[in-house]
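Subject: The structure we talked about

Hello,

Here is the structure I promised to send over. Please open it alongside this note, and I will walk you through what turned up.

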Amino acid sequence: MATIETQSPGYEATTSRRALIGLRCRACGALQPADERYVCGDCFGPIEPAYDLASLEPAVLKWEIENGPRSLWRYAPLLPVAAPASGYEVGWTPLLAAPRLAALFGIERLYLKDDTRNPTLSFKDRPVAIALARALELGLDTIACASTGNLAGAVAAAAARNGLKAFVFVPEDTEPGKIASAAEYGAHVVRVRGTYDQVNRLCGRLADEHGWGFVNFTLRPYYAEGSKTLLFECAEQLGWTLPHHVVVPVGSGALLTRTATAVSQLRATTLVGDEHCHIHAAQPAGCAPVSDAVLADWREVAPVRTPKTIARSLAIGAPSDGDRAVEVVRESRGSAAAVSDEQIADAIRDLATNEGIFVEPAGGVNVATARVLAERGVFHAGETVVLYLTGNGYKQEPRDLDLRPAIAPDADEFREIYAEVLR
C-alpha cells in the first residue's frame with residue numbers, strides 16, 4: 001500500500017485502518033460502515049469516524065507517532081484514511097512561546113500554534129489533506145468547496161498536485177489575494193453574489209448534480225478530522241501534556257469541535273493525563289453566532305443573516321457545527337468573546353510588533369479574544385494558554401498604513417523627520 005514520500009523508513013500510513021471501525025451518528029448513535037455515505041442512513045444526522053482506541057497499545061502508538069513523518073500523517077493510527085502517495089508535508093507546524101505578547105496581556109505562559117506555515121499558508125491544508133485522500137480512495141476526478149478564502153487555495157493546490165479538477169465557490173467580495181492562488185493552481189474560481197451560506201448551498205447542489213467530491217459536505221466526515229491534528233501536535237510539542245486553555249477561531253465550528261475530539265482521544269489512549277483543558281471560542285462581533293450563544297447563558301445558536309466584519313474567513317452566519325461548538329465550550333468549562341473590528345486590527349498589530357508574526361484578521365480575532373479573556377481573569381497562574389493562528393496575513397488586501405513621507409537621500413532630513421523616534 002502507498003506511503004508518502006516524507007515517511008521514516010518502514011513506517012506505513014495504512015496503520016490508520018487498525019483503529020477505524022466505521023462512521024457513528026452524533027444524533028442517534030448508530031454505527032455504520034465507512035463507505036460513501038455522508039449522513040446517517042437511519043436518521044440523516046451528522047456522522048463522524050469512530051475508532052476502537054482500546055485496540056491501540058499506548059507504548060506502540062506513542063513510538064509510531066514519534067517516529068512518523070514530520071506532518072499530520074504521524075497520527076495515522078488516529079486518522080480515518082491512509083496518506084496518498086502524492087501527499088506533501090502538511091502540519092507539524094511550530095508551537096512558539098510568546099513572552100512579549102504574554103507580558104502585554106498579563107498571561108504567564110502563552111504559546112502560539114503557528115499554522116500560517118502550511119503549504120498554502122493556512123490550517124485549511126490539514127482537513128483538505130484528509131478529504132483529498134478520501135476522494136482518491138473513492139476514485140473521484142473532481143473536488144469542490146465553498147470558501148471564504150483559505151479553503152479555496154488549499155483545495156486548488158491539493159487538486160493540482162493529484163491531477164484532479166477543482167471548482168471553488170466564493171462570495172463575490174472575497175479578498176482577491178485569497179483567491180488569486182486558487183486560480184493560479186488551475187481551479188475554476190466561481191464568484192457568487194451572496195453570503196457564504198448561499199454559496200455553500202449552491203456548491204452543494206452542483207456537486208450533487210455532477211458527482212464532485214464536496215469537501216464541506218459529502219467528504220465532511222473525513223475532512224473535519226484533519227482539524228484535530230492541531231491539538232495532537234500541541235500536546236506532543238508540550239511533552240505529551242494538554243494545554244490548560246486553547247483559544248480557537250470559529251467559522252463553521254469544526255476546528256473547535258475537533259479540538260475536543262482530539263482531547264478525548266488523547267486521554268482515551270493515555271498519551272496524556274487528565275489535566276483540564278478549557279476550550280474557548282473566538283469570533284468577530286459582526287458574525288458571532290457561537291460566541292453570542294455562549295455569552296447568553298448557553299442558548300441555541302441563532303444564525304447571523306448578514307455578517308459584517310473584516311474577518312471574512314470567519315463570516316459564516318449559520319455554522320454547521322455551531323450548536324455542538326457551544327456544547328463543547330460548556331463541557332470543557334470554557335468561555336468566548338466577540339471582538340470588534342478595531343480590537344481585531346489592534347491585535348494583528350500587537351502580534352506582529354511583539355512576536356514578528358503577521359496574521360490575517362481571523363488570527364487577530366483569536367489574539368484579541370485572548371486579551372479579553374485575560375482581562376476577565378479566565379487564565380490563572382501556572383496555566384498554559386495556546387492560541388491557534390490559522391492564516392497568514394500576506395494573503396490579505398493591503399490596508400492603509402500610517403507611513404511618514406518619503407525623504408531625500410539625505411541624513412539631515414532623516415534626522416529631522418524621525419527625531420522623536422531617535423530620542
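The chain has 15 helices and 13 strands. Its radius of gyration is 22 Å, close to the 22 Å that the globule rule gives for 423 residues, so the chain is as compact as a globular protein of that length. Please keep in mind that this is a predicted model.

Some overall numbers first. Along the principal axes, the C-alpha atoms fill a box of roughly 75 × 50 × 50 Å. Of the 423 residues, 56% count as buried. The accessible surface comes to about 17900 Å², and carbon and sulfur atoms account for 50% of that. If you look at contacts between residues at least 6 apart in sequence, 70% of them join residues at least 24 apart.

Now to a sheet you can pick out by its strands. This is an open sheet of three strands, in the order β2-β1-β3, and the pairing is antiparallel. Its edge strands are β2 (31–32) and β3 (47–51), each of which pairs on one side only. Strand β1 covers residues 20–25 and pairs with β3 over five bridges, in the antiparallel sense. To find one of these on your screen, start from Leu23: its bridge partner in β3 is Pro49. As a reminder, strands of a sheet pair through backbone hydrogen bonds, either parallel or antiparallel.

Next, a residue in a loop. Ser71 lies between α1 (58–66) and β4 (95–97). Is Ser71 buried or exposed? Ser71 is buried, because its relative accessible area is 0%, and the cut-off for buried is under 20%. If you would like a distance to try in your viewer, take Ser71 and Gly211: they are 140 residues apart in sequence, and their C-alpha atoms are 30 Å apart in space.

Finally, the surface. Which residues form a nonpolar patch there? They are Ile407, Phe414, Val421 and Leu422, and together they have about 340 Å² of accessible area. Ile407 sits in the loop that runs between β13 (384–389) and α14 (411–417). With a relative accessible area of 35%, Ile407 is partly exposed, whereas the loop residue Ser71 is buried at 0%.

Happy to go through any of this with you over coffee.

Best wishes

Technical notes: Residues numbered from 1 in each chain as written. Predicted model: local features only at pLDDT ≥ 70, side-chain atom pairs only at ≥ 80, totals over all residues. Heavy atoms only, no water. Patch = residues over 30% accessible without salt bridge, like charges linked within 9 Å, V, L, I, M, F, W, Y side chains within 5 Å. Areas by Shrake-Rupley, 256 points an atom, 1.4 Å probe, with all protein chains shown as cover. Salt bridge = Lys/Arg side-chain N within 4 Å of Asp/Glu carboxyl O. Helix = DSSP H or I, 4+ residues; strand = E, 2+ residues; numbered from the N terminus. Buried < 20%, exposed > 50% of the residue type's maximum accessible area, 1.4 Å probe, protein only. Pairing = 2+ DSSP bridges. Rg over C-alpha atoms; globule rule 2.2 N^0.38 Å. Contact = heavy atoms within 4.5 Å.
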